[in-house]
Amino acid sequence: ATCIGGSGHETPRGSLALDAAGNFYVSGETDSADFDASAIGGNNVHDATFNGGNDVFVAKFAPNGTKLWSTFLGGTDLDGGWSNVRVHPDGNSIYVAGYTRSSVAEGFPAQSGFDPIYNGDEGLGGTTGDGFVARFASNGQLLACTYIGGDHDETVSPNDGLELTPDGSHVVVIGQTRSTETGMPAFPVTANAFDQTHNGPTSGLAGLDGFVAVFDSTLATLDY
């Protein structure tokens, strides 16, 4: 057994993920500035510096428990990797998801993905900003990271809101949103959606609708 963390609080979320070689990945959130973000054996650290508030953390371990790499992901506001982690069937990339209240200007690394612009509403206490999905290479390099949301607040569901299709061609996330299809900016409902209309009130902390979103495996395209 091993501990992972710093002098603050760490919360691993959802189920860990195993690749075919027996390596395992964990993700969650941390408020520890001294969380050990490091790598060995030619692996990479996307971000070795705590950014403030809460950050997402992602870590990979060898079958014998040796930590191969770990990294922060986030900006200066609150970021939570409170969904789960999944490994692509080819073993070459992994995915994590959650929520963020950090814009790109605040250091959140939205890149090479469907939506690089932060849209969230932080006007209500406890709001989650936008959802996010991120893709890492198995060596720790960040390959893509996208926001998902509109002008109110969203999150990918805690613990098990992320899954891959069996062939690895698509990434499926579920979550909740207060953003409407007519907001400025709007929640990104697609033309093929089962329901293109937000059905609840958008004021206060009530009025949340569930959502299902399907990205291609690169996170560049929202297919549904």
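**Figure 1. Long-range contacts across the whole protein.** In this predicted model, contacts between residues at least 6 apart in sequence are dominated by distant partners: 67% of them join residues at least 24 apart. The protein has 14 strands and 0 helices, so its radius of gyration deserves a look alongside: at 17 Å, it is close to the 17 Å that the globule rule gives for 224 residues, and the protein is therefore as compact as a globular protein of that length. Along its principal axes, the C-alpha atoms fill a box of roughly 50 × 40 × 30 Å. Buried residues account for 51% of the 224, while carbon and sulfur atoms contribute 54% of an accessible surface of about 9200 Å².

**Figure 2. A close-up of I94 in strand 8.** Here we zoom in on I94, a residue of strand 8. I94 is buried, because its relative accessible area is 0%. Setting aside residues up to four places away in sequence, I94 touches Y25, V58, W69, V85, R86, V87, A134, R135 and F136. For a sense of scale, G42 sits 52 residues from I94 in sequence and 18 Å from it in space, C-alpha to C-alpha.

**Figure 3. A close-up of D115 in a loop.** Next comes D115, found in the loop that runs between strand 8 (93–100) and strand 9 (130–137). D115 is buried but has no salt bridge, and the nearest side chain of opposite charge, R178, is 16 Å away. A polar atom of the D115 side chain does lie 2.9 Å from the backbone nitrogen of I117. Beyond its neighbours within four places in sequence, D115 is in contact with A110, T146, Y147 and G149.

Technical notes. Residues numbered from 1 in each chain as written. Predicted model: local features only at pLDDT ≥ 70, side-chain atom pairs only at ≥ 80, totals over all residues. Heavy atoms only, no water. Helix = DSSP H or I, 4+ residues; strand = E, 2+ residues; numbered from the N terminus. Buried < 20%, exposed > 50% of the residue type's maximum accessible area, 1.4 Å probe, protein only. Lys, Arg positive; Asp, Glu negative; His and termini not counted. Salt bridge = Lys/Arg side-chain N within 4 Å of Asp/Glu carboxyl O. Polar contact = N/O pair within 3.5 Å; in protein donor to acceptor, adjacent residues only side chain to side chain. Contact = heavy atoms within 4.5 Å. Rg over C-alpha atoms; globule rule 2.2 N^0.38 Å. Areas by Shrake-Rupley, 256 points an atom, 1.4 Å probe, with all protein chains shown as cover.
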